[in-house]
Amino acid sequence: MQRRIEDYAIIGDHQTAALVSRRGSIDWLCLPRFDSAACFAALLGTDENGHWLLAPKGAAACTRRGYRPDTLVLDTEWDTADGSVRVTDLMPQRDVYPDVVRIVEGLSGRVTVRSTLRLRFDYGSVVPWMRRADGHRVAIAGPDSAWLRSEPEVRSWGKNFGTYAEFTVAEGERVAFVLTWHPSHEPRPELIDPFQALEDSIDDWRAWASHCGYRGPYHEQVLRSLMVLKALTYAPTGGIVAAATTSLPEELGGVRNWDYRYCWLRDSTLTLDALLAAGHLEEAKAWRDWLLRAVAGDPADLQIMYGLSGERRIPEFELPWLPGYENSAPVRTGNQAVEQLQLDVYGEVIDSLTLAARAGLGSQPHAWRMQNALLEFLESTWQQPDAGLWEVRGPRRHFVHSKIMSWVAADRAVRAMEADPGLGGDVDRWRRMRDAIKREVCERGYDPDRNTFTQSYGSADLDAALLLIPRTGFLPPTDSRVVGTVDAVCRELSHGGLLRRYTSEASEVDGLPGTENAFIVCSFWLADALFLMGRKQQARDLFDRLVGLCNDVGLLAEEYDPDTERQLGNFPQAFSHIGLVHTAFVLYGETGGGLGGE
Ligand SMILES: OC[C@H]1O[C@H](O[C@H]2O[C@H](CO)[C@@H](O)[C@H](O)[C@H]2O)[C@H](O)[C@@H](O)[C@@H]1O
């Protein structure tokens, strides 16, 4: 059975998230946090690695599905020969421990529904002991325990290390299942009322969505993207994960499989910019506080990513018992990129803090002190080669995008000090740094013969990250070198009308075997650049195409293969949804001129 990435929808409780397929199967869920071990890992293996199927008996994919408007509550419906039935999936905001609520409702006729639950703790490897207690089914193994109950109680039985239930529903009848996780050494948590939880979830999401400040076309898709970004935010700390999954491949059958369940400074700051643009200040404040805690200490020890609570150690290792999505092995947890030097993050952090202050968050003395410390570190580091924003695993290089983002760091500090001399500090020092970076990039990162900036100093390769130049303010969008770069990137990186990050033959740059597909956010960057250059219709046409890549419930993975028309890479990915929101604001928003620059 093929599990297509675009067949999944996300539900979540702001601490973790589950992926639900069109068959009605939850095939991915990590408990209790995004970065915990998965108890349903069928997505990266088989049903035996854990899943929970709830659907009409013998049914295949649903007839239709969709989120309740302005919520992350998912309705999946089947029309069968015996009638129609709906399963409503949600993860209510938790008090202490996480719950998955699945409510079956008869819509017409009388339909037999079956639940097949295979809990497999520790990424699909541990089969728990199951027993009955107080009318519940209880799974227990090592540190994990999960309780399954239904309301009203329905007939259930255990077989072949699975838990089954079967019942019929007629029109208007409802049966709710609640799966609750808790540490196995603790007593069973308080029971929640699943029907009340449904009402509360709907109210909570709608209240949040009502603050969305975007008023342009594609409102529904923009709002859905913002909700995905909100769902990827870990509420207890304010940290934001890059995606809900690990190891969904960038190339089917390949090794480019990474764990995205951590907080990248780059991805988080861009998420924040998107949320800020739409008026969500609360998340911005929570993230700024998270950042100040996470990076506290010596600026030389700044990491490019952290765990959800600011943890610094995220060791990368493989899970050999999981065959991987469509045999794309290895499956990895942790991420070795945590050890890399990536100079762009300084610019992204400082830019984002500047935007947050401007958006009304108010300045925070600690934040300004931290920015100065970061700049001091960058002053002595910007001339070094680094791994770049693509986190290449080949040798370090002088990536042009990294240098430009170093320029952004100095530029935003200069501008903040010019606007508010009371901030304190040596503005001339950062002016000198800013000018030195610009001089060097224009000399060493630009190829006058081809009229394009290049991926790294002296290289012939191009890089889609160069499309960000106009939005940073490094050069105006109409500068002939910028126009030349945009044209060259379009020519050389185009793949089925979308863009790759860099030339696929550049595996000596990224140090990895194989190749990859179109990297979705890069095409949004192209739309932004085209718009800023005045090619507005071309930008709008591209945006239309990109919005059309979303799956039926508005979700995007990291990459897209235009040949097979399949989504690839981790899912749903913040980067891609950030791109959608940002470009909508650039093309149609009231701010009109972009979020991250002039
Ligand atoms: O391409 C190799 C690298 O791929 C991953 O990095 C990508 O995802 C990050 C999270 O969204 C993003 O910040 C980065 O720009 C992307 O290149 C992976 O995390 C790396 O370990 C890997 O080297």
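# Chatting through a two-domain model

Q: Let's start with the ligand. Which residues come nearest to it?
A: This is a predicted model, and in it the ligand has 15 residues around it, of which A242, W258, A337, W390 and E391 come nearest.

Q: And how does that shell split by class?
A: It has 8 nonpolar, 5 charged and 2 polar residues.

Q: OK, stepping back. Where do the domains start and end?
A: The domain assignment puts domain 1 at 5–191 and domain 2 at 209–588. Their C-alpha centres lie 35 Å apart.

Q: How many residues are in contact between the two?
A: On the domain 1 side there are 27, and they meet 34 residues of domain 2.

Q: Which elements of domain 1 give two or more residues to that side?
A: Three strands and a helix: β1 (8–12), β2 (17–21), β6 (64–67) and α1 (121–124). The largest share comes from β1, with 4 residues.

Q: What's the chemistry on that side of domain 1, by class?
A: The residues there divide into 14 nonpolar, 8 polar and 5 charged.

Q: You mentioned α1. Which residue there has a positive phi without being a glycine?
A: That's Y123, which sits in helix α1 and has a positive phi of about 55 degrees.

Q: Is Y123 buried or exposed?
A: Y123 counts as buried, because it has 23 C-beta neighbours inside 10 Å, and the cut-off for buried is 20 or more.

Q: Switching to annotation. What does UniProt place at residues 4–139?
A: An unreviewed UniProt entry has the feature "domain: Trehalase-like N-terminal" there. In the model, that span is 54% strand and 3% helix, and its end C-alpha atoms lie 29 Å apart.

Q: Now some strands. How do β10 and β11 pair?
A: They're antiparallel, with 5 bridges between β10 (residues 129–133) and β11 (residues 136–141). As an example of who faces whom, W129 stands opposite I140 in β11.

Q: What's in the turn of that hairpin?
A: There are 2 residues between the strands, and D134 takes a positive phi near 50 degrees in this hairpin.

Q: Which strand does β11 join on to next?
A: β12 (residues 144–151), again antiparallel and again through 5 bridges. R137 has L148 in β12 as its bridge partner.

Q: And the turn between β11 and β12, what's there?
A: This hairpin has 2 residues between its strands too, and G142 in the turn has a positive phi of about 55 degrees.

Q: What holds paired strands together in general?
A: Strands of a sheet pair through backbone hydrogen bonds, in a parallel or antiparallel sense.

Q: Back to odd phi values. What about N160?
A: N160 isn't a glycine, yet its phi is positive, at about 45 degrees. You'll find N160 in the loop between β13 (156–159) and β14 (162–170).

Q: Why does N160 count as exposed or buried, whichever it is?
A: N160 is exposed, because just 7 other C-beta atoms lie within 10 Å, and 12 or fewer makes a residue exposed.

Q: Let's look at the other end of the chain. What is the strand order in the sheet with β27?
A: It's an open sheet of 3 strands in the order β26-β27-β28, with antiparallel pairing. β26 (518–519) and β28 stand at the edges with a single partner strand each, so each has one side without a neighbour in the sheet.

Q: How many bridges between β27 and β28?
A: There are 3, in the antiparallel sense. In one of these pairs, D561 has R566 in β28 as its bridge partner.

Q: What sits in the loop between those two strands?
A: E565 is found in the loop between β27 (559–561) and β28 (566–568). E565 counts as exposed, because it has 10 C-beta neighbours inside 10 Å.

Q: How far is E565 from V408?
A: In space they're 36 Å apart, C-alpha to C-alpha, and in sequence 157 residues apart.

Q: Last topic, cis peptide bonds. Where is the one with P330?
A: It joins A329 and P330, with omega at about 5 degrees. P330 has its place in the loop between β20 (317–318) and β21 (332–333).

Q: And what about F571 and P572?
A: The peptide bond from F571 to P572 is cis as well, with omega near -20 degrees. P572 lies in the loop between β28 and α15 (574–588).

Note on methods
Residues numbered from 1 in each chain as written. Predicted model: local features only at pLDDT ≥ 70, side-chain atom pairs only at ≥ 80, totals over all residues. UniProt positions renumbered as here; feature names shortened; annotations may be inferred. Near = placed C-beta within 6 Å. Nonpolar A, V, L, I, M, F, W, Y, C, P; charged D, E, K, R; others polar. Domains from an automatic or database assignment. Contact = placed C-beta atoms within 7 Å. Pairing = 2+ DSSP bridges.
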